[in-house]
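The following paragraphs lead through a single model, from its sheet to its helix and its surface. Please keep the sequence and the coordinates at hand while reading.

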Amino acid sequence: MELTRLVGSCDDGDCPTLYVTDRGTLAVQGPRLTEHGLSIPAHETMVEIPVDLIRKAIRDGLL
């Protein structure tokens with residue numbers, strides 16, 4: 001899979017970031033949530049990203 005960075009809050013690779021894939025989907029990078037109380041399948045995870053990251057991507061015409 002090829003990822004293209006759309007928007008992120010820093011450039012060192014360790015921050016919330018939004019990517020578009022070559023399959024036409026979105027991928028997000030952020031801190032893994034473990035204390036959410038939900039039953040998540042083993043092949044999935046939940047991450048947390050700031051709402052402002054999505055707003056910036058929309059405002060910049062990336063989505």
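Which backbone oxygen lies 2.9 Å from a polar atom of the side chain of Thr17? The oxygen in question belongs to Cys15. Such a polar contact is a pair of N or O atoms within 3.5 Å; within protein, one must be able to donate a hydrogen and the other to accept it, and residues adjacent in sequence count only if both atoms are side-chain atoms.

The model is predicted: local features need pLDDT of at least 70, side-chain atom pairs count only at pLDDT 80 or more, and totals for chains, interfaces and linings use all residues. Residues are numbered from 1 along each chain as its sequence is written, and side-chain values use heavy atoms, with hydrogens and water left out.

Thr17 belongs to strand β2 and is buried, with a relative accessible area of 3%. Here buried means under 20% relative accessible area, exposed over 50%, and partly exposed in between, with a 1.4 Å probe and protein chains only. Strands (E, at least two residues) and helices (H or I, at least four) are DSSP runs, numbered from the N terminus.

The sheet around this residue is open and consists of three strands in the order β1-β2-β3, with antiparallel pairing. Because β1 (3-8) and β3 stand at the edges with a single partner strand each, one side of each is left without a neighbour in the sheet. From one strand to the next, the twist averages 30°, where axes are lines fitted to C-alpha atoms, for helices over the stretch in contact, and angles run from 0 to 180 degrees between N-to-C directions.

Strands count as paired if DSSP finds at least two bridges between them. Five bridges connect β1 and β2, and four join β2 (residues 17-21) to β3. Leu18 can be followed across both pairings: Val7 stands opposite Leu18, and Leu18 in turn stands opposite Val28 in β3. Between β2 and β3, four residues complete a hairpin, and Gly24 in its turn has a positive phi of about 80°.

Helix α1 (51-59) comes later in the chain, and Leu63 is found in the segment after it. Ile54 lies in α1 and is partly exposed at 29% relative accessibility. Its C-alpha atom is 9.5 Å from that of Gly8, although the two residues are 46 apart along the chain. Similarly, Leu63 and Leu6 are 57 residues apart in sequence, with a C-alpha to C-alpha distance of 8.8 Å.

Charged side chains come next. Side chains of opposite charge can pair when their charged atoms come close. The structure holds two salt bridges, each defined as a side-chain nitrogen of Lys or Arg within 4 Å of a carboxyl oxygen of Asp or Glu. One links Arg55 to Asp52, with the closest N and O atoms 3.2 Å apart; both residues lie in α1, three residues apart, about one turn of the helix. Asp52 is exposed at 53%. The other joins Asp60 and Lys56 at 2.6 Å, N to O; Asp60 is partly exposed at 40%, and Lys56 is partly exposed at 34%.

Finally, Leu26, Ile58, Leu62 and Leu63 make a nonpolar surface patch of about 360 Å². Patches are made of residues with over 30% relative accessible area and no salt bridge; like charges are joined within 9 Å, and nonpolar side chains (Val, Leu, Ile, Met, Phe, Trp, Tyr) within 5 Å. Accessible areas come from the Shrake-Rupley method with a 1.4 Å probe; for residues, only the protein chains shown count as cover. Leu26, in strand β3 (residues 26-29), is partly exposed at 48%, and Leu63 is partly exposed at 47%.
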